[in-house]
Amino acid sequence: MNKATIFGALLTLGVVLLAVWAYWPVPAAPVPQPEPAMVIETPVVVVPTSTVSVIGKSVAGRDITAHTFGNGENDVLFVGGIHGGYEENTVRLAEGVIEEFQINQMVIPENVTVHIIPNLNPDGYAQPAQASKQARRFNGNDIDLNRNFDCRWAATSTWLGQTVSAGASAFSEPEAAALRDYVLANTPEGVVFWHSKGGAVFTSECGAGVLPGTETIMNTYATAAGYEAAGLWTAYPITGDAEGWLASIGIPAVTVELETRDLIEWTKNWAGVLATLGLYAD
Ligand SMILES: [Zn+2]
C-alpha cells in the first residue's frame, strides 16, 4: 500500500466522519414536564402508650392497679400477687416486667395490648415477713382469693391439706371482684397468673375441658422459660380458682409457678412473657 492510497483512505474516512457529524440528529431538548405532586412518605411513628389505673380496692382499702402497654386489638393479661406476700416474688416479677415495658415498648407486637396487674392481694402483701404464711397468703378477711372465683365455688377449699375459707360466695372479696370486672371490661385473649413455687406451667378448665388456646399458651411459655409444661393441676382438689373461672367464660388462662419463693427468675420469665405476646402478633 503506497502513501497515496493511505492518504486517500484517510481522506475518505475524514469526509465520512464529517458527514456523520453534520447529519447526526441533534436530540430534542427535553420538554419541561410539570413536577408530579410530591408523595411524602409519612414515617410510621409508634407512639408509646402506657396507662396505670386503679381497678379496685382491697379489704383494707389499698389500691389494686393495672398497667397497660401498647394499643393493639389483642389483649393479654398478666396477674401477680394473688397469694400476697407468701408469693411476693410474683409481685416483684410483675413489677420488673412493667419496668421493662416502660423502658422499651417496642418489644410489644403492634397488634397487642399488654395488661399487668402486679399485685392482686395488696393486704396479704403488706403483712410483715415474720407474719404467718396464712396471713401473708390470704386477703384481709383471711380468705384465699384463688378459691373465691365462680368455678365449682365452695365455701371452703383446700391448700396443701389445710382447709381454707373461700369467702361467703363467689366474688364476695373485693380483690376477686376487681379482677372479674377488669377481665369483663377488657376481654383478654389469654391470661397468665404468676404463683410460686411449683416450678411448672399449668392449664385450666371448669368442667368443659381445657380450651384449645390454653395448651398453646402453656407450651409456649414453658418452652421459652424452661419450665415444665405440666397440664392440669392434680396435686390436690382446688375449687373457685381464677383460672377455672376464666376457662368457664371462654378465656384461656394458665398458671406459671416459679421454682422458688424468693427469686423472680427473670431471664426465664421475660422469655416466657415475650413468647406469649408473640402468640398474638398477627
Ligand atoms: Zn399461689
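These questions and answers walk through one predicted model.

Residues are numbered from 1 along each chain as its sequence is written. In this predicted model, local features need pLDDT of at least 70, side-chain atom pairs count only at pLDDT 80 or more, totals for chains, interfaces and linings use all residues, and side-chain values use heavy atoms, with hydrogens and water left out.

Trainee: Which atoms coordinate the zinc ion?

Mentor: Donors are N, O and S atoms within 2.8 Å of the metal (3.2 Å for Na, K and Ca); water is not among the atoms, so sites may look incomplete. Here the distances run from 2.0 to 2.3 Å. The donors are H83 (ND1), E87 (OE), E87 (OE) and H195 (ND1).

Trainee: What is the geometry of the zinc site?

Mentor: Four donors count as tetrahedral if all angles lie between 85 and 135 degrees; four count as square planar and six as octahedral if opposite donors are over 155 degrees apart and all others between 65 and 115; anything else is irregular. The angles among the four donor atoms of the zinc ion are 58 to 148°. The site is irregular.

Trainee: How many residues apart are H83 and H195?

Mentor: The donor residues are spaced H-x3-E-x107-H in sequence. H83 sits in the loop between β3 (74-79) and α2 (88-103), and H195 in strand β7. Helices (H or I, at least four residues) and strands (E, at least two) are DSSP runs, numbered from the N terminus. This pair links distant parts of the chain, and its separation is 112 residues.

Trainee: Are H83 and H195 buried or exposed?

Mentor: Buried means under 20% relative accessible area, exposed over 50%, partly exposed in between (1.4 Å probe, protein chains only). Both H83 and H195 are buried.

Trainee: Which bond joins S196 and K197?

Mentor: K197 is in the loop between β7 and β8. Most peptide bonds are trans. With omega at about 10°, S196 and K197 are joined by a cis peptide bond.

Trainee: Why is β10 largely enclosed by the rest of the structure?

Mentor: In a regular strand the side chains alternate between the two faces of the sheet. From β10, A253, T255 and E257 point one way, and V254, V256 and L258 the other way. The strand is largely enclosed because its buried residues number six of the six.

Trainee: Which residues stand opposite V256 of β10?

Mentor: Two strands pair if DSSP finds at least two bridges between them. β7 and β10 run parallel over six bridges, while β8 (residues 200-202) joins β10 by three bridges and runs antiparallel. V256 has W194 as a bridge partner, and it also stands opposite V201.

Trainee: Which residues lie closest to the centre of the largest pocket?

Mentor: On a 1 Å grid over the protein atoms alone, a pocket is an open set of points where a 1.4 Å probe fits, with protein on both sides within 12 Å along at least five of seven lines; lining residues have an atom within 4 Å of a point. The largest pocket holds about 500 Å³ of space, where a volume is the space filled by probe spheres set on the points. Of its 28 lining residues, the closest to the centre are N146, W233, Y236, I238 and E257.

Trainee: Which elements each supply at least two residues of that lining?

Mentor: Two strands and one helix do this: β7 (190-196), β10 (253-258) and α7 (242-248).

Trainee: Which residues of β5 are buried?

Mentor: Side chains alternate along β5. T156 and T158 point to one face and are not buried. On the other face are the buried residues, S157 and W159.

Trainee: What is the phi of L160 in the turn?

Mentor: β5 and β6 (residues 162-165) are antiparallel, joined by four bridges. They form a hairpin with two residues between them. Most residues other than glycine have a negative phi. L160 has a positive phi of about 50°.

Trainee: What is the phi of R152?

Mentor: R152 is in the loop between α4 (133-137) and β5 (156-159). It counts as partly exposed because its relative accessibility is 43%. Its phi is positive, near 55°.

Trainee: How far apart in space are T276 and M218?

Mentor: T276 is in helix α8 (residues 266-278). T276 is buried, at 1% relative accessible area. M218 is 58 residues away in sequence, yet the C-alpha to C-alpha distance is 8.9 Å.
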